[in-house]
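Trainee: I would like to go through this structure with some questions. Please keep the answers short.

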Amino acid sequence: MLVALERLISLQEGYRGTFQVQGRQLLLIVVDQQPILMENRCPHQGAPLHAGTLDGRVLRCFRHGIAFDLVDGRRVNAPCLPLQRLPLAYDGDRIGLDL
Ligand code: FES
């Protein structure tokens, strides 16, 4: 079952949207023309990632500065678990999460 999050036409470079789905906080972001869906929770200590700064495809968490490559999910500057990316699903002009 698709839980639609956004219209495809809204997904321009630099887009950020936050959503709550079944108690999970999610972040949808567009980097390098790619929509990426992830938990809106830093794997270090849980800060909301939507408040981080974006430099190209690297998102830096505001709390302690750990940076993650959004395309592959790996951290780039400190030991930490990778980001938890989620698979996207499409239905017509909508993008969302397949549950
Ligand atoms: S909570 Fe994100 S870097 Fe520490």
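Trainee: Is Arg 94 buried, exposed or partly exposed?

Mentor: This is a predicted model, in which local features need pLDDT of at least 70, side-chain atom pairs count only at pLDDT 80 or more, and totals for chains, interfaces and linings use all residues. Residues are numbered from 1 along each chain as its sequence is written, and side-chain values use heavy atoms, leaving out hydrogens and water. Buried means under 20% relative accessible area, exposed over 50%, and partly exposed in between (1.4 Å probe, protein chains only). Arg 94 has a relative accessible area of 33%, so Arg 94 is partly exposed.

Trainee: Which residue forms a salt bridge with Arg 94?

Mentor: A salt bridge is a side-chain nitrogen of Lys or Arg within 4 Å of a carboxyl oxygen of Asp or Glu. The closest N and O atoms are 3.8 Å apart, and the partner of Arg 94 is Asp 93.

Trainee: Which residues do salt bridges that share partners join into one network?

Mentor: Asp 93 also meets the side chain of Arg 7 in a salt bridge (2.7 Å, N to O). Shared partners thus give one network of Arg 7, Asp 93 and Arg 94.

Trainee: How many salt bridges does a search of the whole structure find?

Mentor: Another pair is Glu 39 with Arg 24, the closest N and O atoms being 2.6 Å apart. A search of the whole structure gives a total of 5.

Trainee: Is Glu 39 buried or exposed?

Mentor: Its partner Arg 24 counts as partly exposed at 30% relative accessibility. Glu 39 has 16% relative accessibility, so Glu 39 counts as buried.
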